[in-house]
Amino acid sequence: MRGKMLWNPVLGALAVAIVAVGSAEAQEAAQPACTAPVAPTGELAPWTTPFPLQAAGSEAGISSASLPVGRAARLTLLQTPQVRYALRPEKPGGSVSHGGLVRIDVREAGTYRVALDSAAWIDLVRDQQALISTAHGHGPHCTGVRKMVDYSLTPGPYILQISANGQPQMTVLLARLP
Amino acid sequence: MQIRRFSRPLLSAGLLLIISLSAALPMGEAPWRWTLPAGVSAPPVPADNPMTAAKVELGRRLFYDADLSIDGTMSCATCHVQKHAFADSTRTRPGVTDEPGRRNVPGLANVAWFTPLNFADPAATTLEAQAATPVFGTHPVEMGMAGREAEIGRRFGRDSCYRVMFARAFPDNGGRIDFSNVARALASFERTLISRGSAWDRQQLDPEAQAGSVLFVRDCASCHSGANFTDLTMHRLGPVDPALADQGLFEKTGIETDRGKFRTPSLRNVALTGPWWHDGSARTLDEAIVRHGLTHDAGEVAQLIAFLNALSDTEFTGRKSLAMPEEACGKRL
């Protein structure tokens, strides 16, 4: 999946719904108000303990912006004009938006989930190609997980491109699914 | 203006002359050349915003630029996606503040011929005026720029290429970078969103679609009429329900008989623009057809859907001249 997601309000009851991707279009929607925050569990449990991470502005600087599997990061992004993406994002964001690059290293083949606290556009890039996601959805209600995108990955390095984020910081988590 | 004529290869001596002439002639006056099928006339264009190649080029770039939204996350193309015939695949789309959308995103195919433009606003009669609704609107908030009009000029004015593009597009007002000119450029680009390449246009309907077309003419074409399958008139299907959150045309006119009235949508590329209905509440074309209150059996509905599928124009949804531009001012974006 490549993309900004539109949560359909009718899916509100499916609080942790993640659906197979029939098209590359993502979905996003406003969530009902929360009375109290909820800590996610399972593979999303690291969400509540992010470590600080500065996103890279180009491939050249990406070695210092690594997100390990099973960890969450509080990511500091750059202003979009300062970012040189490996591939031009489908939604590049305006000059006042924020973005950046993060390195991901996969050691075991499997299905991996990228979770975000915003509706930023993401591309997972390898060999100058953006991967097609296998599913997308939103996170458990009131956890702060706004968007989740799944990919089927083989071992190797990947570039996670984040674009069109409205805020200069965001939380991102990478999890391997059972 | 003859800029294009001058672009042919020429001898070097002549080329110098051409360069000189081109520099002296405002690029913005280069005429727009419509590419239209035989028998199709150019759409109406406001006298105060004539089509030019420079305006269309600028409008195309602006259409895909998220700096038209408060936090740089939403462009026109965020909701109007080319592969969905410039609609999108969602019921309603929230804006930059996450306020839920009220109405389904309409496709933009052949929007140059539409007036009024919106589901239920008779005052939205020109593309130039309509552009303000998503950018500055507050019911609901879409791009969130209400009260920030001057910011639009500042943002684009920081980009040297935009300064050149506005100067070329609007030589009549010194290339002023403001929302008025943004809207004029967007409208010029939107008038080029012309879709006339469906199987129906080519008269290549398969037997089921052909049967569907007969049903369509009998049961649907009184409202879904004309080349774009819309009478551009507002109707109500079913009884009035004052409890509904969206009262349609009534919200603009205050006239009781206007409750629940919405403009007949175009059916061009309708199979690509789901979900359907003014609020996106019809998840399938079957459901949308049934809601019209007609009495078709399952076979007839299948035939109607075959006909509706024949209104899809894949050349339009893949046309590169309508896609996000790869470069501007000779540089990659």
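Which residue of β5(A) is the bridge partner of A:Leu78? The legends below, which describe a predicted model, begin with the answer.

**View 1. The pairing of β4(A) with β5(A).** In β5(A), the residue that forms the bridge with A:Leu78 is A:Gly99. Strand β4(A) is joined by two bridges to β5(A), which covers residues 98–106 of chain A, and these two strands run antiparallel.

**View 2. The five-stranded open sheet of chain A**. Following the sheet across, the strands come in the order β4-β5-β11-β7-β8 (chain A), and their pairing is antiparallel. Because β4 (78–79) and β8 (129–130) of chain A stand at the edges and each has a single partner strand, one side of each is left without a neighbour in the sheet. As general background, strands of a sheet pair through backbone hydrogen bonds, and they may do so in a parallel or an antiparallel way.

**View 3. Helix α2(B) and its surroundings.** In helix α2 of chain B, which spans residues 53–63, 11 of the 11 residues are buried, so the helix is largely enclosed by the rest of the structure. Among these buried residues are B:Ala53, B:Val56, B:Leu58 and B:Phe63, and the list also includes B:Lys55, B:Glu57, B:Arg60 and B:Arg61. The buried residues of α2(B) pack against three helices of chain B, namely α3 (76–79), α7 (160–169) and α8 (179–190), and against the strand β3 (327–328) of chain B.

**View 4. The two sides of helix α9(B).** Helix α9 of chain B (residues 207–219) has 13 residues, and from its first C-alpha to its last it reaches 18 Å, close to the 18 Å expected at 1.5 Å a residue. Within α9(B), the residues B:Ala209, B:Gly212, B:Ser213 and B:Phe216 are buried. These four cover an arc of only 110 degrees around the axis, which means that they lie on the same side of α9(B). An α-helix has 3.6 residues a turn, so residues three or four places apart point the same way. On the other side of α9(B), B:Pro207 and B:Arg218 are exposed, whereas the buried residues of α9(B) pack against α12 (298–309) of chain B.

**View 5. The nonpolar cores.** The largest nonpolar core has 95 residues, and those with the most contacts inside it are A:Ala55, A:Leu160, A:Val172 and B:Leu186. Helix α8(B) gives the largest share of this core, seven residues. Leaving aside neighbours within four places in sequence, A:Ala55 is in contact with several residues, including A:Leu75, A:Leu78, A:Gly100, A:Val102 and A:Ile162. Apart from the largest core lies another core, of 13 residues, among them B:Cys220, B:Leu304, B:Phe307 and B:Leu308.

Key: Residues numbered from 1 in each chain as written. Chains lettered and ligands numbered in written order. Predicted model: local features only at pLDDT ≥ 70, side-chain atom pairs only at ≥ 80, totals over all residues. Pairing = 2+ DSSP bridges. Buried ≥ 20, exposed ≤ 12 C-beta atoms within 10 Å, placed from the backbone. Contact = placed C-beta atoms within 7 Å. Expected span 1.5 Å × (residues − 1). Arc of directions from axis to C-beta. Core = buried A, V, L, I, M, F, W, Y, C linked by C-beta atoms within 7 Å.
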